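Opening the notebook on a new structure today. I want to go through helices, odd backbone angles, buried spots and pockets, in that order.

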Amino acid sequence: MFVRLAELALVGLLAGMTIMVFGNVVLRYSFNSGWNFSEEMSRYFFVWLTFIGSILAFREHNHVGVETFVRMLGPVGRRICIGLTNLVILICATVLFWGTWLQHDINASMTAPVVGLSMIWVYGITYVTGGAMALIAFVRLIRALVGRVSPTEMARFTGEFDMTDRH
């Protein structure tokens with residue numbers, strides 16, 4: 001459910017960016033006018049798109065990894081690497097969430113110069129990103145600690161999965 005919602009959000013954000021930028025270009029060159037909000041909102045859409053996309057990339061093990069080293073390890077070493085990696089990610093995601101919480105009042109009090117949007121709507125996406133990544137990392141850490149890492153997840157973590165079998 002969350003994955004489908006995130007994918008739809010990405011499609012909507014990308015479509016919104018495209019419409020705003022293309023529409024503004026057409027208006028500027030054809031009619032010597034434009035949308036004041038276009039540049040600012042397309043930038044915010046890009047920020048949201050990047051952070052939501054990073055959640056999905058993390059879920060699919062599509063971030064940069066040191067797979068060559070992990071492949072040299074045996075099953076126990078690989079499980080330890082999964083556990084340590086997800087522990088570090090859990091800590092970083094928690095810091096991201098906590099930092100957003102500490103900055104919340106400051107960001108909520110600032111407004112965007114053109115559209116007047118509270119900046120918490122821009123920077124608040126890190127609540128979603130930090131929370132989602134922390135949850136994913138926590139579940140993976142627990143599975144690594146109890147030895148419940150599936151062969152498919154291990155293959156994804158080590159980069160040994162076939163690209164045609166991704167979904």
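Before anything else, a term I need: helices here are DSSP runs of H or I with at least four residues, numbered from the N terminus. I also keep in mind that this is a predicted model.

**Entry 1: backbone oddities**

I looked for residues with an unusual phi. Most residues other than glycine have a negative phi. Asn32 is not a glycine, yet its phi is positive, about 55°. I found Asn32 in the loop between helix H1 (2-31) and H2. Is Asn32 buried or exposed? Asn32 is exposed, as its relative accessible area is 73%.

The next case I noted is His61, another residue other than glycine with a positive phi, near 60°. His61 sits in the loop between H2 and H3, and it comes after H2 in the chain. I checked its accessibility too: the cut-off for buried is under 20%, so His61, at 15%, counts as buried.

**Entry 2: helix lengths**

I compared helix spans with the ideal rise. H2 covers residues 38-59, which is 22 residues. From its first C-alpha to its last I get 31 Å, close to the 32 Å expected at 1.5 Å a residue.

H4 has 35 residues and should span 51 Å at 1.5 Å a residue. Its end C-alpha atoms are 50 Å apart, so the span agrees. I still wanted to know where H4 bends. The spot is Gln103, and the bend there is about 55°.

**Entry 3: what H4 hides**

I listed the buried residues of H4. They are Arg78, Cys81, Ile82, Gly83, Asn86, Leu90, Ala93, Thr100 and Asn107. What covers them? The cover includes H2, H3, helix H5 (120-123), H6 and H7.

**Entry 4: three residues on H6**

I picked Ile125, Thr129 and Leu135 for a closer look. Ile125 lies in helix H6. Its relative accessibility is 11%, so I file Ile125 as buried. Leaving out residues up to four places away in sequence, Ile125 touches Val47, Trp48, Phe51 and Ile52. I also took a C-alpha to C-alpha distance: Ile125 and Leu49 are 9.6 Å apart in space, with their positions 76 residues apart in sequence.

Thr129 is in helix H6 as well. Why does Thr129 count as buried? Because its relative accessibility is 2%, and buried means under 20%. With the same sequence neighbours left out, up to four places away, Thr129 touches Phe51, Ser54, Ile55 and Leu96. I note that Phe51 is among the contacts of Ile125 and among those of Thr129.

Leu135 is also placed in helix H6. Leu135 is exposed, with a relative accessible area of 55%. Its C-alpha is 9.6 Å from that of Thr94, and the two are 41 residues apart in sequence.

**Entry 5: the largest pocket**

On to empty space. Rolling a probe the size of a water molecule over the atoms shows where such space is left. The largest pocket comes out at about 360 Å³. It is lined by 16 residues, and the closest to its centre are Val64, Gly65, Val66, Thr85 and Phe157. Helix H3 (67-71), helix H4 (75-109) and helix H7 (151-158) are the elements that give two or more residues to this lining. Which element gives the most? H4 does, with 4 residues. I sorted the lining of the largest pocket by class and got 8 nonpolar, 5 polar and 3 charged residues.

**Entry 6: the second largest pocket**

This pocket has a volume of about 190 Å³. I wrote down its lining: Arg59, Glu60, His61, Leu135, Ile136, Val139, Arg140, Arg143, Glu153 and Arg156. Two names from earlier entries turn up there, His61 and Leu135. Helix H6 (125-145) and H7 each supply at least two of the lining residues, and H6 gives the most, with 5. By class, I have 6 charged, 3 nonpolar and 1 polar residue lining the second largest pocket.

Terms used: Residues are numbered from 1 along each chain as its sequence is written. This is a predicted model: local features need pLDDT of at least 70, side-chain atom pairs count only at pLDDT 80 or more; totals for chains, interfaces and linings use all residues. Side-chain values use heavy atoms; hydrogens and water are left out. On a 1 Å grid over the protein atoms alone, a cavity is a set of points where a 1.4 Å probe fits but cannot get out, and a pocket is an open set with protein on both sides within 12 Å along at least five of seven lines; lining residues have an atom within 4 Å of a point. Grid points are joined across faces, edges and corners, and a volume is the space filled by probe spheres set on the points. Ala, Val, Leu, Ile, Met, Phe, Trp, Tyr, Cys and Pro count as nonpolar, Asp, Glu, Lys and Arg as charged, and the others, Gly among them, as polar. The expected span of a helix is 1.5 Å times one less than its number of residues. Buried means under 20% relative accessible area, exposed over 50%, partly exposed in between (1.4 Å probe, protein chains only). Contact means heavy atoms within 4.5 Å. The bend at a residue is the angle between axes fitted to the seven residues ending there and the seven starting there.
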